[in-house]
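Trainee: I have the sequence and the fold on screen. Can we go through them in questions and answers?

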Amino acid sequence: MQRGIESQGIPTTLITLDVEQSSLMRPPRAIHPVGFVFGHSLGKPHDKTTQMNVLKAALAELNEHQEPGTFMMWIFQLINS
């Protein structure tokens, strides 16, 4: 789906927790929030600060041209709750 959207001239960024599986698809742009658990790809529930930071990181990647299949690893400070 990401490639189809990109083919229409709309840039996309994948946020993935499973780099191994996602790399098989060679997405045009992708980020991997290091240390996050499945089901919480933007951070823990009610952690608005981390969630916003992940979204900002994903949007920042829209300006970057990555080699398909390359993942940018991002480390975020998680709030304990």
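Trainee: How many salt bridges does the structure hold?
Mentor: Keep in mind that this is a predicted model. A pair counts when a side-chain nitrogen of Lys or Arg is within 4 Å of a carboxyl oxygen of Asp or Glu. By that cut-off, the number of salt bridges in the structure is 1.

Trainee: Which side chains meet in a salt bridge, and at what distance from N to O?
Mentor: One partner, Glu6, lies in helix α1, while the other, Arg29, is in the loop between α2 (19-23) and β2, so the pair ties together parts that are 23 residues apart in sequence. The side chains that meet are those of Glu6 and Arg29, with an N to O distance of 2.5 Å.

Trainee: Are Glu6 and Arg29 buried or exposed?
Mentor: Buried means under 20% relative accessible area, and exposed means over 50%. Both Glu6 and Arg29 fall in the class called buried.

Trainee: Helix α1 also holds Ile5. Which residues form a nonpolar patch on the surface with Ile5?
Mentor: Ile5 sits in helix α1, which covers residues 2-7. Its relative accessibility is 33%, and therefore it counts as partly exposed. The patch has about 350 Å² of accessible area in total, and Ile5 shares it with Met1 and Ile10.

Trainee: In what order do the strands form the open sheet?
Mentor: β1 (14-15) and β3 (72-75) are edge strands, each pairing on one side only. β1 pairs with β2 in the parallel sense over 2 bridges, and β2 pairs with β3, also parallel, over 4 bridges. The order of the 3 strands is β1-β2-β3.

Trainee: Which residue in β2 is the bridge partner of Leu14?
Mentor: The pairing of β1 with β2 is parallel and has 2 bridges. For Leu14, the bridge partner in β2 is Ala30.

Trainee: And which residue in β3 stands opposite Val34?
Mentor: Here the pairing to look at is that of β2 and β3, with its 4 bridges. Opposite Val34, in β3, stands Ile75.

Trainee: How many of the 5 residues of β2 are buried?
Mentor: The cut-off for buried is under 20% relative accessible area. β2 is largely enclosed by the rest of the structure, because the number of its 5 residues that are buried is 4.

Trainee: Which element gives the largest share of the largest nonpolar core?
Mentor: The largest nonpolar core has 7 residues: Leu17, Ile31, Phe36, Val54, Ala57, Ala58 and Phe76. Of these, 3 residues come from one element, the largest share, and that element is α3.

Trainee: Which residues does Phe76 touch, leaving out those up to four places away in sequence?
Mentor: Phe76 is itself one of the core residues, along with Phe36, Val54 and Ala57. With sequence neighbors up to four places away left out, the residues touched by Phe76 are Pro33, Phe36, Thr50, Asn53, Val54 and Ala57.

Trainee: How far apart in space are Ser41 and Val54, C-alpha to C-alpha?
Mentor: Ser41 lies in the loop between β2 and α3, and with 28% relative accessibility it counts as partly exposed. Beyond four places in sequence, it touches Ile15, Leu17, Pro33, Phe36 and Val54. Ser41 and Val54 are 13 residues apart in sequence, and their C-alpha distance is 8.6 Å.

Trainee: Pro45 is in the loop between β2 (30-34) and α3 (48-60). Which residues does Pro45 touch, not counting those up to four places away in sequence?
Mentor: Pro45 is partly exposed, with 46% relative accessible area. From Gly9, 36 residues away in sequence, it stands 33 Å apart, C-alpha to C-alpha. The residues that Pro45 touches, under the exclusion you named, are His40 and Gln51.

Trainee: What is the phi of His46, which is not a glycine?
Mentor: His46 has its place in the loop between β2 and α3. Its relative accessible area is 77%, so it is exposed. The phi of His46 is positive, at about 70°.

Trainee: And what is the phi of Arg26, also not a glycine?
Mentor: Arg26 is found in the loop between α2 and β2. At 40% relative accessibility it counts as partly exposed. Its phi is positive, at about 50°.

How values were computed
Residues numbered from 1 in each chain as written. Predicted model: local features only at pLDDT ≥ 70, side-chain atom pairs only at ≥ 80, totals over all residues. Heavy atoms only, no water. Patch = residues over 30% accessible without salt bridge, like charges linked within 9 Å, V, L, I, M, F, W, Y side chains within 5 Å. Areas by Shrake-Rupley, 256 points an atom, 1.4 Å probe, with all protein chains shown as cover. Buried < 20%, exposed > 50% of the residue type's maximum accessible area, 1.4 Å probe, protein only. Contact = heavy atoms within 4.5 Å. Core = buried A, V, L, I, M, F, W, Y, C linked by side-chain atoms within 4.5 Å. Pairing = 2+ DSSP bridges.
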